Each structure stands twice: as structure tokens, then as C-alpha cells.
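The exercises below are meant to be worked through with the sequence and the model open side by side. Try each task before reading its solution.

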Amino acid sequence: MLRYTTPQSTPPMSPLGAPATPRTPGAGAVSEAPQPPASPRTPRPAITLTAPPSNKKRRRGAARSSLRAIRAVRALFRSLPILAPACRFPGVIPRHGGGGGASRRHDGHVSGASRTTGTLFGHRRARVTLAVQETSGSVPILLLELAMQTGRFMQEMGAEHLRVALECEKKPPGAGAGIGRTRLLDEPLWTAYVNGRKIGYAVRREPTEDDLTVMQLLRTVSAGAGVLPADVVGGGGAPEGQEAGDLAYMRAHFDRVVGSRDSESFYMLNPDGNNGPELSIFFIRI
């Protein structure tokens with residue numbers, strides 16, 4: 001008895017999809033182009049920033065010694081006899097001549113102010129940060145992050161005068177321990193205004209590794225503006241899904257004026273000696 005078997009149909013051969021063999025890979029697989037080796041990241045510089053020169057103990061000791069010296073001088077003058085007007089010595093009488101007000105010296109700086117270094121920096125799409133240093137080679141005494149993008153803030157700097165006002169509220173008496181002992185620049189939260197327009201809040205924060213790297217790279221820069229590559233300083237702070245880009249900075253000397261316990265001001269003057277500050281920053285506790 002004869003048996004007939006139905007031959008099994010084989011799948012048609014496609015010229016684009018040859019069967020894979022141990023020696024020949026599948027024809028349908030597309031070979032990927034070799035990727036270029038990733039460029040090595042620029043190494044970060046070693047942080048050699050020093051502690052701020054100011055020291056509370058040194059300040060208290062200097063204030064006490066100066067107060068003692070003033071008291072000693074006053075006691076000395078009180079013990080001397082009172083001289084008649086005709087016995088005045090013309091050589092010791094100060095001459096009041098020349099122009100200029102008492103608030104500013106001939107070099108344009110505010111009299112009685114202390115010199116500090118201020119740096120505004122940040123990635124163009126990230127928030128701008130204000131760093132205040134007593135010297136360009138010391139750790140910042142203030143690091144404040146404003147609720148404004150760096151690129152927009154730099155555009156605002158194109159105005160003739162830019163005034164930044166930072167306000168915080170006084171804590172009521174008895175609200176907690178240590179009330180009245182907080183330094184003005186140690187306040188954690190501020191309401192920020194730029195030329196009278198409210199932009200949001202400003203937050204004080206501790207310096208990160210990226211912040212210290214920026215300060216280290218700008219250690220020898222006294223005043224100026226420029227851009228730092230993102231592969232050195234990092235790209236933190238940009239919105240999600242966007243590249244932060246390079247870091248823009250602007251550094252200058254600021255005159256720090258302490259008006260009272262609840263008010264301080266920072267005035268930046270033009271390096272070329274033009275009259276009037278380009279940027280004024282006011283800290284007020286109300």
C-alpha cells in the first residue's frame with residue numbers, strides 16, 4: 001500500500017534577509033557605525049580657598065582695644081588745660097578745601113565702606129547666584145540664589161542702573177531662642193525685587209562643590225565678565241530636559257556699607273571710573 005506525504009512548504013527566501021549562519025551574521029541586521037571615543041572631561045582644579053579673614057573673636061578684640069584707646073585719649077584731653085582761642089596752632093587746623101562730598105572719596109568709593117568681592121554667576125538657563133567674598137581667594141561669606149535666570153539677569157544689567165532689593169521679616173519677640181542674634185546676611189529667605197519689580201524669592205544656601213570650583217577658577221580675577229566651560233564647572237541647576245550650557249559670570253569689587261543691624265548695602269562701581277554704581281544691592285529687615 002502506497003502512502004503519499006504532502007511536502008512542507010518552505011518560507012520564501014528574501015534577498016534582504018538571508019538566514020544567519022555561524023560565520024555570516026543575519027543580512028537583516030544593520031551594523032552600527034563605530035562611535036568616536038568620548039572626550040575626556042577637564043579635571044577640576046584643587047580647592048585652595050581660605051577661610052574668610054574676618055573672625056568674630058578678632059573683631060571683638062579689635063573693637064575692645066580701639067574703645068580702650070579712645071577712652072584713654074579722651075581722658076588725656078580732659079586732663080589738659082583749656083587753651084584760649086588766641087593760642088591755637090594754625091598748623092594743626094584742618095583745611096577744608098576742594099570739592100566733593102563727604103560720602104565719597106576722590107576715587108569714587110564710599111567713605112567708611114569695606115571692600116568686598118562680588119560675583120554673579122550661573123548657567124544661562126539656570127538661576128543666577130550672588131557670591132560675596134571678603135577676598136577673592138576666600139570662601140564666600142554669602143551665597144544667595146535669586147529666582148531669575150542668569151541670561152535674563154544679564155539682560156537687565158544692560159540698563160543704566162540696576163537696583164536689587166532683598167527684604168526679610170523680623171521675627172516677633174519670643175518666637176524662639178536666640179531672637180535678635182541672627183546676623184542680617186545669615187537670614188535664610190528673602191523677597192527679591194529688581195528695579196522695583198518683584199521677581200520672587202532669594203534663598204541663602206551653603207556652597208556646593210560646583211560653587212567652590214567657580215570661586216577657585218576666578219581666584220585671580222579681580223573684575224570682569226566671561227564664560228566658563230560646562231565640562232569643568234558642571235551643569236547643575238538647568239530645567240529638566242534642557243542643557244545648562246556654559247556658565248556666565250560677572251565679578252567686581254563692591255563697597256559694603258552697614259547702615260544698621262537691619263540694613264546693609266553693596267555698591268558696585270564701574271572699573272573705568274564712571275560716576276555712580278551700575279549695580280546696587282540692598283538688604284533690609286523690616
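Does Phe-266 count as buried or exposed, and at what relative accessibility? Phe-266 counts as buried, because its relative accessibility is 3%, where buried means under 20% relative accessible area, exposed over 50% and partly exposed in between, computed with a 1.4 Å probe and protein chains only.

Before going further, note that this is a predicted model, in which local features need pLDDT of at least 70 and side-chain atom pairs count only at pLDDT 80 or more, while totals for chains, interfaces and linings use all residues. Residues are numbered from 1 along each chain as its sequence is written, and side-chain values use heavy atoms, with hydrogens and water left out.

**Exercise 1. Decide how far the model can be read.**

Begin with pLDDT, the predictor's confidence in each residue on a scale from 0 to 100. The protein chain averages a pLDDT of 75, and 58% of the residues score at least 70. Then turn to residues 80–102, where the pLDDT is below 50 and where the stretch has 2 contacts in the model beyond near neighbours in sequence, a contact being heavy atoms within 4.5 Å. Where pLDDT is low, the predicted coordinates should not be read in detail.

**Exercise 2. Work out the aromatic pairs around Phe-283 and place them in the fold.**

First apply the pairing rule: rings of Phe, Tyr and Trp (its six-membered ring) pair if their centres lie within 6.5 Å, and planes under 30 degrees apart count as stacked, over 60 as edge-to-face and the rest as tilted. By this rule the count comes to 3 aromatic pairs. In one of them, the ring centres of Trp-190 and Phe-283 are 5.2 Å apart with the planes at 80°, so the pair is edge-to-face.

Next, locate the partners, using strands (E, at least two residues) and helices (H or I, at least four), which are DSSP runs numbered from the N terminus. Because Trp-190 lies in strand E5 and Phe-283 in strand E10, the pair ties together parts that are 93 residues apart in sequence. Trp-190 is buried, with a relative accessible area of 1%, and Phe-283 counts as buried at 1% relative accessibility.

Then examine Phe-266 and Phe-283, whose ring centres are 5.8 Å apart and whose planes stand at 75°, so this pair too is edge-to-face. Phe-266 is in strand E9 and Phe-283 in strand E10, 17 residues apart, and the pair links distant parts of the chain. Taken together, Trp-190, Phe-266 and Phe-283 form one aromatic cluster.

**Exercise 3. Describe the surroundings of Ser-280.**

Start with its place, which is strand E10 (residues 277–285). Ser-280 counts as buried, because its relative accessibility is 6%. Finally, leaving aside neighbours within four places in sequence, list its contacts: Ser-280 touches Leu-162, Arg-163, Val-164, Phe-266 and Tyr-267.

**Exercise 4. Compare the settings of three salt bridges.**

A salt bridge is a side-chain nitrogen of Lys or Arg within 4 Å of a carboxyl oxygen of Asp or Glu, and by this rule the count comes to 13 salt bridges. Take Asp-262 and Lys-170, whose closest N and O atoms are 3.0 Å apart. This pair links distant parts of the chain, with Asp-262 in the loop between strand E8 (247–260) and strand E9 (263–269) and Lys-170 in the loop between strand E4 (162–168) and E5, 92 residues apart. Lys-170 is partly exposed, at 47% relative accessibility.

The side chains of Asp-186 and Arg-183 also form a salt bridge, at 3.2 Å from N to O. Asp-186 is partly exposed with a relative accessible area of 30%, and Arg-183 is partly exposed at 32%.

Glu-264 and Arg-256 then give a salt bridge of 3.0 Å, N to O; here Glu-264 is buried at 8% relative accessible area, and Arg-256 is buried at 10%. Elsewhere, salt bridges that share partners join Arg-127, Glu-145, Arg-205 and Asp-211 into one network.

**Exercise 5. Identify what covers helix H3.**

In helix H3 (residues 209–217), the buried residues include Asp-211, Thr-213, Val-214, Met-215 and Gln-216. Their cover includes strand E1 (114–123), strand E2 (127–133), strand E3 (142–149), strand E7 (224–228), helix H4 (230–233) and E8.

**Exercise 6. Explain what sets the backbone of Asn-195 apart.**

Most residues other than glycine have a negative phi. Asn-195, although not a glycine, has a positive phi of about 55°. Asn-195 is found in the loop between E5 and strand E6 (197–204), and counts as partly exposed at 38% relative accessibility.
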